[in-house]
Amino acid sequence: MPDHAHPHPAPDGAWPEDFISHRRGINCPMCANDFAAGDIGWGLLLRRGEVSNAYLWRSGQVRGYAVVIYTGRHVAEPTELDEGEAAAFWRDVLALGRAVEALYEPLKMNYLLLGNQIPHAHWHCVPRREVGADPAPGGPLSFEALDLGRQDEGQLQSDARALRRLLADADGQPGVRR
């Protein structure tokens, strides 16, 4: 597994170190990924989409937490995408979301496009569950819920295989149907 520098949350009231240069695409941690690899350290490749890659993420306390990273070039804000790129990016996110819904059957999906730690366009796709199986049922997830801890590697590998099958079945169709 590649070893990536993982940004840490900045102290309250401050942006992460090197945020401005990362925002401009200089030494961006996301751009440093080998998007041709099946494993980028942070997560396992699920699908190469039209303009982005979908990954099942290793970190956090939520099984099925996945991330879709824009791979066309460095983009910090969705407003930097033209209409076609933006539509393709959203189609890639929806394909992943449908697969996650089909596999995990969550109560709710959360889609977050933040970039406050790493200013590169990427969607966090998080299945939310019932009380007792969700770190913050009915409320927002903390940074810690998505970043601290690691998923069980065996379960992660098994889930990645299942999600890849669902995504392969959906290619050429509007999306995964339940």
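In the predicted model, the largest nonpolar core (a set of buried Ala, Val, Leu, Ile, Met, Phe, Trp, Tyr and Cys residues joined through side-chain atoms within 4.5 Å) has 26 residues. Buried denotes under 20% relative accessible area, exposed over 50%, and partly exposed the range in between, with a 1.4 Å probe and protein chains only. Leu46, Leu56, Val68, Phe89 and Leu96 have the most contacts inside this core. Two or more residues each are given to this core by strand 1 (43–48), strand 2 (52–57), strand 3 (66–70), helix 2 (83–104), strand 5 (122–128) and helix 4 (153–170). Helix 2 supplies the largest share, 8 residues. A second, separate core has 18 residues, among them Val62, Tyr65, Ile118 and Ala136.

Apart from its neighbours within four places in sequence, Phe89 is in contact (heavy atoms within 4.5 Å) with Val51, Ser52, Val68, Ile69, Tyr70, Leu81, Ala121, His122 and Trp123.

The chain has 4 helices and 5 strands, in the order α-β-β-β-α-β-β-α-α from the N terminus on. Helices (H or I, at least four residues) and strands (E, at least two) are DSSP runs numbered from the N terminus. Of the 178 residues in the chain, 47% are buried. Among contacts between residues at least 6 apart in sequence, 60% join residues at least 24 apart.

Residues are numbered from 1 along each chain as its sequence is written, and side-chain values use heavy atoms, with hydrogens and water left out. Local features need pLDDT of at least 70 and side-chain atom pairs count only at pLDDT 80 or more, whereas totals for chains, interfaces and linings use all residues.
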